[in-house]
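Reader: Got a minute to go through this one with me? I'd like the overall picture, then a bit of detail on one strand.

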There are 2 protein chains.
Amino acid sequence: MTTIGDVAKAAGVSVATVSRALRGVDRVSPRTRERVMAAAADLHYVASPAATSLVSGRTRGIGVITPYFSRWFFATVITGIEKALREEGYHVLLCDLEGHTFDTRLPITQGMLWKRADGVIILNVPPEPGERDLLDRLGMPVVTVGNRQPGWPSVRIDDQAAMAMATEYAIGLGHTRIGYAGTVPTSVSHLQTPFDRRQAFTDVMTAHGLEVRPQWTLRCDWTADGAAEHAERLFAGRDRPTCVVAASDEMAFGIMSAARRRGLDVPGDVSVIGIDDHVHSRILDLTTVRQDVEAQGRHAGALMLAALHGHEVSPSHDEVLGVELVVRGSTAPPATADRARPTPKGVKTRTRARGVSETLAV
Amino acid sequence: MTTIGDVAKAAGVSVATVSRALRGVDRVSPRTRERVMAAAADLHYVASPAATSLVSGRTRGIGVITPYFSRWFFATVITGIEKALREEGYHVLLCDLEGHTFDTRLPITQGMLWKRADGVIILNVPPEPGERDLLDRLGMPVVTVGNRQPGWPSVRIDDQAAMAMATEYAIGLGHTRIGYAGTVPTSVSHLQTPFDRRQAFTDVMTAHGLEVRPQWTLRCDWTADGAAEHAERLFAGRDRPTCVVAASDEMAFGIMSAARRRGLDVPGDVSVIGIDDHVHSRILDLTTVRQDVEAQGRHAGALMLAALHGHEVSPSHDEVLGVELVVRGSTAPPATADRARPTPKGVKTRTRARGVSETLAV
DNA sequence: TTGAAAGCGATACCAA
DNA sequence: TTGGTATCGCTTTCAA
């Protein structure tokens, strides 16, 4: 393993000069620098991050905490984060919480990530109290994605607005018998996204004088399989909704599948709408409210870099990316409703939603 | 930031003793250890990985190189890796190659990963020559997933066997007009999985005296969208196959979608079969050849840990996990064929394939 | 512009 | 069983 000393020897200068020359800072004569660079290249020299980190205090690593790495949404956010960070020579330390409860997390996150990272990006999970303490104590920059946490800047969409858009669209088609998928898990009732989306659904329904029927609310986890299972039971009954609004596209996939398995036509017998615009939503012809997931990751990364570069990032910074309705073939007016306002299948309509409410001040 | 010195002072011992007590190695009197532990806990002491790494030479980080980590397969493998490594206190450094060509990769992988990691796990991509050099020079353990590379142990499935299983099944149903999706990208023609699967398809077809028609071979990338686009063109013609074998489930999704969009019934007019058993394959009722993706990640992680613990891991170690046929509703005998060997839709058949050909010797 | 030397925070060897 | 100390590889004053 070649060290800075080897390079110094080869270039005939001191290690201090090598350090300065290689980092491009400070004054070093062009000729000296050239010699140093040549020697370093020759020897395949790469500075030891451990040594650099020990003296400088920074690691060039950013911890990313995610509830489920393998789910499309999270993996895509992280892709965005990684791309943004890589440009500046930072890298991602992955911390997947899958399979851990609120209680068993701390040891994982603790020594595992802290002290190895210069900052942390937290996806969609609220911090455990011990983690908050730790982060406050360490004073490292934190950015959240997908939800707001007091004291930390965030990047997200407006979950309520997104769900309102989906629900309004369903109602606008003439549906009155509307089911819902995406309840708040009782084990982690503090998850903002499930809570906000359900809230918005209920609010919009109520505002239109429509009833939210408990028996039409699928109490499933946020997976396609889970939704399919619950939806099959729903569709088995005689008294079923003409439309189901799902809080995520993956659940919507499950619902469409269950409907067809029960011999129901989508959208003829039942309409389905989701939120996300998952990578498979186009081919499955799902009407949805689109969010740019990778962009959220990129923005979070940029925010982190800004903080790392010493730019002031306000804890109240709240970057809300826009969403848009993407009408596809899984929705239609209800079979029995009057067709005063038909939206012909196949015509793609796009509606812009709220834009960025506050932009990154770099 | 509390250091080992602070703990030593608080416990009234030397730093050397603190180091020994905390790591649990060496002999330290129980009473001393207790005092040290108490002091450390009190001060929220966590050893600096940088300092530890500088002197010990190890980082407890494992680099994971992946072509696209937001794709289901890769994200799932990485989940498995992360779980295995975390148990032993190792963590994952992500290196996504997406958007990089063979030529622009080295700088990314170079200083970014090397020297920060104790080992590297490479998913499905062959190493760039410079990377091979680097890895050989550094002499760090390497494990590959998804394909074999000379000199490095691997974890994978038998791609040829998997594709043979799919193709045989299609032929066994009576199909003779069979299309294929999953060609080898010309830009990276050395990718083993695409190559092997296509090879096996061709071999099996030939062995049965069946023709592989170029116009029925979809030259698409390995995404659902790409496959859908190409498949729509295929299904637009009059002369179309009665079955399409896809080298991945995601492509199969696209093909099913395209067929239905063209008014064709699946499996009535065209059967579709894939490889993977993607998380959505069950709800989409896709017949496929199942592989345990997360297990591949876990095994790769275990292999890496074994190497790190100094156990001998042979470079020729080749761990081949079994696959199994999962029959669902996307396949049926061709409409025009004689139905001598019908496989009733809805009856799930599972066939065990080759098992692990060699197991990890720890 | 360059070099010498003092840390950064741990580990591990050698004494005690 | 414990403590002193050299050492890991680099950055960063402070002098020259």
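**Strand 5 and its neighbours**

Author: Sure. Keep in mind that this is a predicted model. A starting point: in chain A, I157(A) stands opposite L321(A), a residue of strand 11.

Reader: OK, how many bridges join strand 5 to strand 11 in chain A?

Author: There are 4 bridges between them, and the two strands run parallel. Strand 11 covers residues 318-321.

Reader: And how many bridges join strand 4 to strand 5?

Author: 2 bridges, again with the strands running parallel. Strand 4 is residues 142-145 of chain A, and T144(A) from there stands opposite S154(A) in strand 5.

Reader: What about the faces of strand 5, covered or open?

Author: Both are covered. On one side S154(A) and R156(A) are buried, and on the other V155(A) and I157(A) are buried too.

Reader: Let's zoom out. How many helices and strands does chain A have?

Author: 12 helices and 13 strands. The C-alpha trace spans about 90 × 45 × 35 Å along its principal axes.

Reader: How much of chain A counts as buried?

Author: 55% of its 362 residues. The chain still exposes about 15,000 Å², with 52% of that supplied by carbon and sulfur atoms.

Reader: And what share of the contacts join residues at least 24 apart?

Author: 71%, taken among contacts between residues at least 6 apart in sequence.

Reader: Last thing, charges: how far apart are the mean positions of the positive and negative ones?

Author: 3 Å, for 41 positive and 41 negative charges in chain A.

Definitions and conventions. Residues are numbered from 1 along each chain as its sequence is written. Chains are lettered from A and ligands numbered from 1 in the order in which they are written. This is a predicted model: local features need pLDDT of at least 70, side-chain atom pairs count only at pLDDT 80 or more; totals for chains, interfaces and linings use all residues. Side-chain values use heavy atoms; hydrogens and water are left out. Buried means under 20% relative accessible area, exposed over 50%, partly exposed in between (1.4 Å probe, protein chains only). Two strands pair if DSSP finds at least two bridges between them. Contact means heavy atoms within 4.5 Å. Accessible areas come from the Shrake-Rupley method with a 1.4 Å probe; for residues, only the protein chains shown count as cover. Lys and Arg count as positive and Asp and Glu as negative; His and the chain ends are not counted. The place of a charge is taken as NZ of Lys, CZ of Arg, CG of Asp or CD of Glu.
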